[in-house]
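Please look over the sequence and the model below before reading on. The paragraphs that follow lead from one helix to its surroundings, then to other helix pairs, and finally to some points of the backbone.

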Amino acid sequence: MSGFVFSEKPIEMASGDGVYLTATDGTEYLDFGASYACTPVGHCHPEVVDAATSQLEELMYVQASYPHAARTALYERLAEVAPVDVDNVWLCNSGTEANEAALKFARHATGRQKIVATTQGFHGRTMGTLATTWKDKYKEGFGPLAGGVEFVEYGDAAAMREAVDEETAAVILEPLQGEGGINPVSTEYLQAVRVATATSGAAMILDEIQTGLGRTGSLWAADRHDVVPDILTTAKGLGSGLPIGATLCRDWIAADAGDHGSTFSGGPVVSAAAGATLDVIEREDLPAHAEEIGSYLRGELRDRLGDDVRDVRGDGLMVGIEVRRGSNRLLRDLAIDHRILALPAGRTVLRLLPPLTVEREHADAVVDAIEEVIG
């Protein structure tokens with residue numbers, strides 16, 4: 001019997017180094033997908049490998065009821081780099097778990113049930129987070145899901161103000177939608193959401209599972225928009241590919257978060273890897289590097305592709321190219337003909353989420369390849 005959830009690609013990977021993956025047949029691929037942004041400092045960064053290996057040799061696992069230096073250090077590190085006052089940390093194993101906890105914490109702290117989510121939003125595949133995810137294709141056959149969720153148009157401040165009321169426990173949204181098509185919104189919109197939630201006593205949950213850790217050109221997309229949420233979630237690249245997520249909360253949420261837990265919350269090995277990942281991101285100023293290379297990449301794509309595509313959009317190294325035909329064939333051609341790996345974001349959007357360590361030469365190679373497969 002084999003795995004049955006994922007549709008496996010005909011490329012078996014053997015190793016990774018920096019911005020490259022190498023298949024078992026020796027073919028080297030430029031990785032501009034980073035497994036959905038999971039390797040922000042590149043594959044097998046030596047500092048992260050050393051931190052995880054050293055911890056692995058001392059203690060593989062102890063449950064979070066017992067303090068451990070690596071976990072405690074990660075708590076402190078995340079509190080340090082979080083938006084101001086969003087410094088209470090709960091660790092888990094994935095983005096969907098981080099968002100599930102955020103929804104539970106918000107309902108318990110407010111004593112309310114209603115959740116407001118947005119069209120095209122994606123927040124995970126557990127029964128709670130699936131209820132706040134927009135597209136029906138993710139939900140078919142799994143109902144009934146958690147109730148009390150109302151969807152409003154992403155980017156429509158008036159609709160958000162109308163939806164958020166004294167019965168609302170939380171608004172959950174991405175500051176730049178990933179799975180929904182790389183859809184940015186304005187600072188004014190996010191600040192309007194902040195005002196609406198603060199006025200009504202609801203929690204503002206920013207899902208930074210994909211946008212966080214420097215991806216959009218600042219450590220958190222919240223920083224780009226001068227918005228401080230009540231809850232911020234992160235995962236994906238936090239452990240450089242090892243499974244970890246985090247839910248960061250303001251005091252008023254943490255003080256009345258209710259009963260929640262996880263067997264593998266902040267294991268020593270993943271905590272050590274996450275701490276080292278944060279150190280590399282900060283020391284090498286990768287958010288600023290992502291802003292520089294991402295701006296260059298989007299500019300080159302717009303100049304070279306012109307009217308051959310509908311749009312080039314995004315922030316930092318979170319880039320979407322809306323094409324005029326299906327994206328899957330283009331992704332296949334990029335991989336087979338040019339040894340470049342990218343991702344879809346819906347049927348007509350190519351998504352680029354490379355390690356934050358890519359350079360202009362890598363961006364140029366990708367622009368050349370995309371121009372050829374689209375032309």
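In this predicted model, the residues of helix α7 that are buried are Tyr189, Leu190, Ala192, Val193, Arg194, Ala196, Thr197 and Ser200. The cover over these buried residues of α7 is provided by elements that include β5 (114-118), α6 (157-163), β7 (168-173) and β10 (203-207). The length of α7 can be checked against expectation: with 1.5 Å for each residue, its 14 residues should span 20 Å, and the C-alpha atoms at its two ends do lie 20 Å apart, which agrees. After α7 comes glycine 201, which has a positive phi near 85°.

One of the buried residues of α7 deserves a closer look, namely arginine 194, which belongs to the helix spanning residues 187-200. Is arginine 194 buried or exposed by its relative accessibility? Its value is 15%, and arginine 194 therefore counts as buried, since the cut-off for that class is under 20% relative accessible area. When neighbours within four places in sequence are left aside, the contacts of arginine 194 are with Ala202, Met204, Val227, Val228, Pro229, Asp230 and Arg250. As for threonine 72, it is separated from arginine 194 by 122 residues in sequence, and the C-alpha atoms of the two are 30 Å apart in space.

Helix α10 (residues 268-283) offers a second case in which length and burial can be considered together. Its 16 residues, at 1.5 Å a residue, should span 22 Å, and this agrees with the 22 Å between its end C-alpha atoms. Of those 16 residues, 13 are buried, so α10 is largely enclosed by the rest of the structure. Just beyond α10, aspartate 285 adopts a positive phi of about 50°.

A packing partner of α10 is helix α2 (residues 46-58), and the two meet at an angle of about 155° with their axes 8 Å apart. Because angles over 145 degrees count as roughly antiparallel, α2 and α10 are roughly antiparallel to each other, and their crossing is right-handed. On the α2 side the contact is made by Glu47, Val48, Ala51, Ala52, Gln55 and Leu56, while α10 contributes Pro268, Val269, Ala272, Ala273, Ala276, Thr277, Asp279, Val280 and Arg283. By character, the residues of this contact between α2 and α10 comprise ten nonpolar, two polar and three charged. A general point helps in reading such lists: an α-helix has 3.6 residues a turn, so residues three or four places apart point the same way.

Another helix pair is formed by α11 (residues 286-305) and α13 (residues 360-374), which pack at an angle of about 25° with their axes 10 Å apart. That angle makes α11 roughly parallel to α13, because the limit for this description is under 35 degrees. The crossing in which α11 passes α13 is right-handed. From α11 the contact takes in Glu292, Ile293, Tyr296, Leu297, Glu300, Leu301, Arg304 and Leu305, and from α13 it takes in Arg360, Ala363, Asp364, Val367, Asp368, Ile370, Glu371 and Ile374. The residues of this contact of α11 with α13 divide into nine nonpolar and seven charged, with no polar ones.

Helix α13 also holds histidine 362, which is buried with a relative accessible area of 9%. Apart from its neighbours within four places in sequence, histidine 362 is in contact with Val19, Tyr20, Leu30 and Phe32.

Some further points of the backbone remain to be considered. Serine 35 has a positive phi of about 50° although it is not a glycine, and its place is in helix α1 (residues 34-37). With a relative accessibility of 47%, serine 35 counts as partly exposed. Leucine 213, likewise not a glycine, has a positive phi of about 65° and is found in the loop between β10 and α8 (221-224). The relative accessibility of leucine 213 is 3%, so this residue counts as buried. Finally, the peptide bond that runs from glycine 143 to proline 144 is cis, with omega near 0°, and proline 144 sits in the loop between α5 (127-131) and β6 (149-152).

Conventions
Residues numbered from 1 in each chain as written. Predicted model: local features only at pLDDT ≥ 70, side-chain atom pairs only at ≥ 80, totals over all residues. Heavy atoms only, no water. Axes fitted to C-alpha atoms, helices over the stretch in contact; angles between N-to-C directions. Helix = DSSP H or I, 4+ residues; strand = E, 2+ residues; numbered from the N terminus. Parallel < 35°, antiparallel > 145°, perpendicular 65-115°, else oblique. Left-handed = near helix turned anticlockwise from the far one by under 90°. Contact = heavy atoms within 4.5 Å. Nonpolar A, V, L, I, M, F, W, Y, C, P; charged D, E, K, R; others polar. Expected span 1.5 Å × (residues − 1). Buried < 20%, exposed > 50% of the residue type's maximum accessible area, 1.4 Å probe, protein only.
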